[in-house]
Amino acid sequence: MDLINPAVVDLSRFQFALTALYHFMFVPLTLGLTFMLAAMETVYVVTGKQIYKDMALFWGKLFGINFALGVATGLTMEFEFGTNWSMYSRFFGDMFGTPLAIEGLMAFFMESTFVGLMFFGWDRLSKPGHLAITYLVALGSNLSALWILVANASMNMPNGAHFDPETLRMTFDSFVGVVFNPDAQAKFVHTSVAGYVAASMFVMGISAFYLLRKQHREFAARSFRMAALFGIFSTVAVITLGDVLGRLDYEHQPTKIAAIEGLWHTSKPPYEPWIVAALPNDAKQESSYEIGVPFVLTPLITHSFDTPITGMIELEEAAAPRIASGITAVSALRRYEENHQAADLELFRAHQDDMGFGLLATRHAPNQDVTAIEPEQLQNVIEQTKPDILPNVFVTFWSFRLMVFLGMFFFVLFAMASYLSLKNQLERNRLFLKLCMWSIPLPVLATEFGWITAEAGRQPWTVFDRLPTFMSASTHGVSYMLFSLAGFTVLYSIFIAVELYLMFKFARLGPEAHAPHDDHADPAHLSVVAH
Amino acid sequence: MDIYVVLKLVWAGLLCVLLIGLGLMVGMDMGVGTLLRFVGRTDGERRTALNIIGPHWDGNQVWFILGGGAIFAAFPTLYATSFSVFYVVMILLLFSMILRPVAFEYRSKVDARLWRASWDWVFLLSGFLPMFVYGAAFGNILQGVGYHFNWTGQYFQDGSFLAYLLNPFAILCGLMAVSLSVMQGGVMLMIRSDNPIHDRARRYASRAGVLAVVLFLAGGVWVRGIRGFVLEQGDPAMPANPMQGQHVSMQVGAWLNNYAAHPALWLLPVMGVVSMLAGVALVLANRPRVAWWTGLGAWVGTIGTVAASMFPFFMPSTTRPDQSLTIWNSSASQYGLTCMLAVATIFVPLILCYTSWCYYVMRGKVHTADIIKDTHSY
């Protein structure tokens, strides 16, 4: 069946992960900072106090440095489905393309058009007019996240589409099913609020830096308090929605939840412990050095005390009949494509829900052709395919735990920050301020672990239960992949270096340097600079 | 006519609108980027040029992103296949595109000669290269591309990327797109700048306009000798499956068949040429505002000419012509096209309204003296 070179699939996955994780270093800050800028400007418009305008201008400048990279690296994502995941895009594009296009039409256009006015329109718009623009930018960036996560959720839970043997792809059949996909709703709130946590930590950390240096104290104290309060509410929301997502995975992606919890065998409620740490071994299908808290897992996942959670070994066993049925489906489909006999179509229809499992068996079939498996080979192929239904347990297990541990840390940190800020005791607690400062990158790290949990846990599928990842890529040569990967690595490394340099530079300069009277751009000097 | 056929046609039309919007709006900003080093001799002048498009480039760039998104949603098979077949070219396009937002935001944030000079070169590269690739892509699909599908719908490439980068007709089309973009960029600079930028922009815009006319006419003559494709058999209402249902033949000069069948189509190339010539005249007569609108006419004429020649083909295959991607076999489902049409009907007019309003808010000349004083500007 002309399987794609596995090295090319791995390189495509690596490139996608690299570019997506990189893109997602900038997005959370954009999502949260837009709303914080809007909040600062609202206070300015209502109270007329200049300090809040200074806040909006200063944090707006740092926002701009970050926003540019978010936009630039987002372009890559829009292209990459087509350039590297051709089969996926053809197979799932009828449905998947729709939320992406709506994202452009409804959200990204609004955000991008008004962000220009937000930066350049201060003197051209009335105060409420400019405030409205800032809110539109915030709304645009968050709506953008909504549609992207609707698209992402459809890969994890393909609602609103069914496979059509006439076009050999998933056919879009329910807009409502796609938009109101429960996974999408929970993911959107979980992810965008995680962005608010990142933005809160960013503003709080830089404010802590000023407080430590006793610079811009009023400015920093006000920014700190706003960020701490915004942060504590956002962290609570992230944790709540994380719980909802876990429950959805339990219902719809049992392999993902079992891998997240490192659950090799079906759980025994109510005693079953929640494993805090362990070393899962994918090859041996067991974990060593397990440390757990008894009685926690069952209520955590199932919200009950007596429902067992199916383990990975049991899920493998349960997949065996689906693999057999899927092989029948793929074979019938191929015969139907060649001869258009009604009997083949009927046979396919009877087995179509398992087609993805048939495709999954391709790698283990003789000549990598599931349509030509002899009856005596079938059992062997099924046995070899069974372990393939599981994601990489080590990666899924640990990325989830690191995300959760960081989330708990944020809760404590923001709670203490809010308390100390409201009691006006910040400047006395220098160690705490240092902790806040050094925590700036952690929420971004947590969202990256979240992405890895969700997408590594989705494996071996691009479209869950429907299309295996190893069939989804474009049929490039290794050299093409190395070329693009090298280019991305070089460019993105330069970008991050420049971004960090500018962020540090402007954060160190502080808000005062930003006020119009403190203009360091001397015209005489500038004309010397050019040429 | 079958409702599905109507939807396919409407979306093919909307795709043309997007490609025109992309050429016009993104092309204009890229033209400014290409011209940056030439219209601005001092740093203050270059910053003036950048700030003329500064408030709008980000919004305009969405035409480009939306172009990709709309092809994905409305013609998923075309998106999946064309982006992969042109992989190296697309990646180069992408690299130059992602440098641009960064250049805007970072260039003027550091006051050092080498820093700013480097970003000015980035503007030249990220203005010239994407428009060149955009035009060259049309040059390539007019000649057909080597690819086929297996029974699962996986595509396989039957040609080398070098052929897509380095063939004379594609280079001609690429330079044509660059000329139009430089012209439009020059016109925009004329509208919103004073001397000396204004007069330099005028010089480059008029030259680019003349070059565009020459290249357009040369391309038109060249196409007569190029192998075109004819859809001998294929039901417009067919399920969107490129693997079966079509019979396609190849003939030299076939891209002119549609014009022979419907002579009214000649209005499109005529419109292109007339708009470009009128644009040159208006630029020389110092009427850049009107020239901006003839620029729209030039893009409508150019994209329209290609569309009229190729209809109903999107990307013909030279190695398995029967699997050529057409409007009929590469579209989304009827349901998907309907949903997207509803969404587009609401949002496209809205986008046009608020984009125009933003230009209205930021109207007027940009003065170098003000830019140098303003620390919020690019």
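Biologist: Hi! How many salt bridges does the rule find across the interface of chain B and chain A?
Modeller: Zero across that interface, where a salt bridge is a side-chain nitrogen of Lys or Arg within 4 Å of a carboxyl oxygen of Asp or Glu. Keep in mind that this is a predicted model, where local features need pLDDT of at least 70 and side-chain atom pairs count only at pLDDT 80 or more, while totals for chains, interfaces and linings use all residues. Residues are numbered from 1 along each chain as its sequence is written, chains are lettered from A and ligands numbered from 1 in the order in which they are written, and side-chain values use heavy atoms, with hydrogens and water left out.

Biologist: OK, and how many residue pairs are in polar contact across the interface of chain B and chain A?
Modeller: The rule finds 25 such pairs, with both residues at pLDDT 80 or more. A polar contact is a pair of N or O atoms within 3.5 Å; within protein, one must be able to donate a hydrogen and the other to accept it, and residues adjacent in sequence count only if both atoms are side-chain atoms.

Biologist: Which element of chain B gives the largest share of the side that touches chain A?
Modeller: That is α5(B), with 15 residues. Helices here are DSSP runs (H or I, at least four residues) and strands are too (E, at least two), numbered from the N terminus. By class, this side of chain B has 53 nonpolar, 24 polar and twelve charged residues. Ala, Val, Leu, Ile, Met, Phe, Trp, Tyr, Cys and Pro count as nonpolar, Asp, Glu, Lys and Arg as charged, and the others, Gly among them, as polar.

Biologist: How much area do chain B and chain A bury between them?
Modeller: About 8500 Å², with 71% of it on carbon and sulfur atoms. Buried area is the accessible area (1.4 Å probe) that two parts lose on being put together, summed over both. In residues, 89 of chain B are in contact with 96 of chain A, contact being heavy atoms within 4.5 Å.

Biologist: Back to charges. How many salt bridges are there over all chains?
Modeller: The count comes to 21. One of them joins A:R401 and A:E261 at 2.8 Å, N to O. A:R401 lies in helix α15 of chain A and A:E261 in the loop between α9 and β3, so the pair ties together parts that are 140 residues apart in sequence.

Biologist: Is A:R401 buried or exposed?
Modeller: Buried, at 0% relative accessible area, and A:E261 is buried as well at 5%. Buried means under 20%, exposed over 50%, and partly exposed in between (1.4 Å probe, protein chains only).

Biologist: What does A:K386 pair with?
Modeller: A:K386 forms a salt bridge with A:E317 at 3.1 Å, and another with A:E383 at 3.2 Å. A:K386 is buried at 5%, whereas A:E317 is partly exposed at 45%.

Biologist: Which residues have the most contacts inside the largest nonpolar core?
Modeller: A:W59, A:M204 and A:F224, in a core of 303 residues. Such a core is a set of buried Ala, Val, Leu, Ile, Met, Phe, Trp, Tyr and Cys residues joined through side-chain atoms within 4.5 Å. Helix α1 of chain B gives its largest share, 19 residues.
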